[in-house]
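Dear colleague,

Please find below the structure that I am handing over to you, followed by an account of what was found in it. I would be grateful if you could read the notes alongside the model.

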Amino acid sequence: MLYSLFDWFKDMGVKFPGSALFQFITSRVLIAVILSLVISAVFGKKLINYLRKRQVGETVRDLGLAGEQQKKGTPTMGGLIIILAILVPTLLLADLSKAYIRVMIFTTVWMGIVGFIDDYLKLRAKRIAQQQGIPYKKGDKDGLAGWFKVLGQVVLGIVVGTVLMFNDNTKAWREYTGEVKADDSIIIKKTFDGKTKYFVEANEPITTIPFVKGHEFNYAKLLPEAVRGLTWVLYIIVVIFIIVAVSNGANITDGIDGLAGGVSAIIGACLGIFAYASGNLRFAEYLNIMYIPNLGELSIFIGALIGACVGFLWYNAYPAQVFMGDTGSLTLGGIIAALAIIVRKELLIPIFCGVFLVEVLSVTLQVSYFKYTKKKYGEGRRIFLMSPLHHHYQKLGYHEAKIVTRFWIVTILCIVFAIVTLKIR
């Protein structure tokens, strides 16, 4: 909004002191980070007070974990702080005509709505029980039905996959090594450091794959040649799976103070590096990864994401004054998945989202092994003391703050390894 306004003033020949800042992406990224931090800090406190006044408090299950009863009544739905701190800087500072920005705004709003409905239904179930004088126990069926959450994630996957597949402004470029003709309009010529290279738009869905020369993988290769015209169907299915998996992974990780917010901020920084490298021809050439034009504006959204998560930690770090709820966790997961797909790094998600992956695997293994042993021995057995994994460490006696800090460190190591894979082939 401000970007377009000052751009219009520039075209009209009108200048304002400091208006030149809005012409540079680096300046707008820094402003987005600062603005998102201010929104989280200032409006976050007001929202927490409002939620506390409205008695929008979390109901804690009795899981036998240290300190869990002290969290009873802590305001939830704090994900609204994150959503607000992401959207306001993006709407003010980014070029809203860019397809990538529109996709990310839709992702944030859509998953925010899905998570908000889930949190609202849980709170309504609690209030109904209180009005009826019935002791309330938090249950899995109080919120949005599981299939409805998945349906919301599937809709997002269809939208993201369709835009990336068919929008002309979301194409990656591939280096062209064939014969170049003077009148060939599809060839894109780029010269830097005295070298001339030729590129063509990649009409097939391609992505980055680690440990192989060229770092490129074409989804069309997974299908027989006779049906490769339907590659777009396969691609959208893959996008749906990734969004469902990562969104639920973030949701499961949100179990102790500061864990999901801190991990998401670190992953956001990683995606910012990937976006910058893929959107810059020189870095793309150096790392031998595909060049994706028009990614520059996406860095403004990522800057707002990082600032929003860090600002939210001001209130969510142990001991938490507010919980993000599904409003925040589902939204963060959807955002991370969509960003990874846009920068064509979705196959690296198991690496840089390692904490999400391990948390999901711990739940899957626990439930599967319990059912298997119950059927075989008549009594269910467990691999972990409790799942997800962070609760296992709580049962071992580790303090929440230590668990969170160590999970942050593991995430940083995963990100470093993910970046290193771009040079290992």
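A network of salt bridges links Asp-118, Lys-122, Lys-149 and Asp-326. Please bear in mind that the model is a predicted one, and that the values below are computed from it.

Salt bridges

Within this network, Asp-118 and Lys-122 pair through their side chains, with an N to O distance of 3.3 Å. Both belong to helix 4 (residues 99–131), and because they are four residues apart there, about one helical turn separates them. In general, an α-helix has 3.6 residues a turn, so residues three or four places apart point the same way. The two partners differ in their surroundings: Asp-118 is buried, at a relative accessible area of 0%, whereas Lys-122, at 23%, is partly exposed.

Lys-149 and Asp-326 form another salt bridge of the network, and their closest N and O atoms are 3.2 Å apart. This pair links distant parts of the chain, since Lys-149 is in helix 5 (residues 146–166) and Asp-326 in helix 10 (residues 325–342), 177 residues apart. Lys-149 and Asp-326 are both buried.

The count of salt bridges in the model comes to five. One of them joins Glu-297 to Arg-28, with 2.9 Å between the closest N and O atoms. Glu-297 sits in the loop between helix 8 (281–287) and helix 9 (298–316), while Arg-28 is part of helix 2 (residues 25–53), so the pair ties together parts that are 269 residues apart in sequence. Glu-297 and Arg-28 are both buried as well.

Overall fold

The chain holds 14 helices and five strands. Of its 425 residues, 49% are buried. Among contacts in the chain with a separation of 6 or more, 73% are between residues 24 or more positions apart.

Helix 7 and Ser-278

Helix 7 (residues 259–279) contains Ser-278. The helix has 21 residues and spans 30 Å from its first C-alpha to its last, close to the 30 Å expected at 1.5 Å a residue. Since 17 of its 21 residues are buried, helix 7 is largely enclosed by the rest of the structure.

How accessible is Ser-278? Its relative accessibility is 0%, and Ser-278 therefore counts as buried. Leaving aside residues up to four places away in sequence, Ser-278 touches Ala-284, Ile-289, Met-290, Tyr-291, Ile-292, Leu-295, Val-343 and Lys-345.

Packing of helix 3 against helix 9

Helix 3 (residues 79–93) and helix 9 pack with their axes 8 Å apart, at an angle of about 150°. Angles over 145 degrees count as roughly antiparallel, and helix 3 is therefore roughly antiparallel to helix 9. The crossing of helix 3 past helix 9 is right-handed. On the side of helix 3, the contact is made by Ile-81, Ile-82, Ala-85, Ile-86, Pro-89, Thr-90 and Leu-93. Helix 9 contributes Ile-300, Phe-301, Ala-304, Leu-305, Ala-308 and Phe-312 to this contact.

Backbone features

Two cis peptide bonds may be of interest when you prepare the model. Tyr-318 and Pro-319 are joined by a cis bond with omega of about -10°, and Pro-319 is placed in the loop between helix 9 and helix 10. The bond from Ser-387 to Pro-388 is also cis, with omega near 0°. Pro-388 is placed in the loop between helix 12 (354–377) and helix 13 (389–395).

Which residues have a positive phi although they are not glycines? Met-77 is one of them, with phi of about 65°. Met-77 lies in the loop between helix 2 and helix 3, and its relative accessibility of 5% means that Met-77 counts as buried. Arg-344 likewise has a positive phi, of about 60°, and is not a glycine. Arg-344 lies in the loop between helix 10 and helix 11 (349–352), and Arg-344 is buried, with a relative accessible area of 5%.

With kind regards

Notes
Residues are numbered from 1 along each chain as its sequence is written. This is a predicted model: local features need pLDDT of at least 70, side-chain atom pairs count only at pLDDT 80 or more; totals for chains, interfaces and linings use all residues. Side-chain values use heavy atoms; hydrogens and water are left out. Helices (H or I, at least four residues) and strands (E, at least two) are DSSP runs, numbered from the N terminus. Buried means under 20% relative accessible area, exposed over 50%, partly exposed in between (1.4 Å probe, protein chains only). Contact means heavy atoms within 4.5 Å. The expected span of a helix is 1.5 Å times one less than its number of residues. A salt bridge is a side-chain nitrogen of Lys or Arg within 4 Å of a carboxyl oxygen of Asp or Glu. Axes are lines fitted to C-alpha atoms, for helices over the stretch in contact, and angles run from 0 to 180 degrees between N-to-C directions. Angles under 35 degrees count as roughly parallel, over 145 as roughly antiparallel, 65 to 115 as roughly perpendicular and the rest as oblique. A crossing is left-handed if the near helix is turned anticlockwise from the far one by less than a right angle, and right-handed if clockwise.
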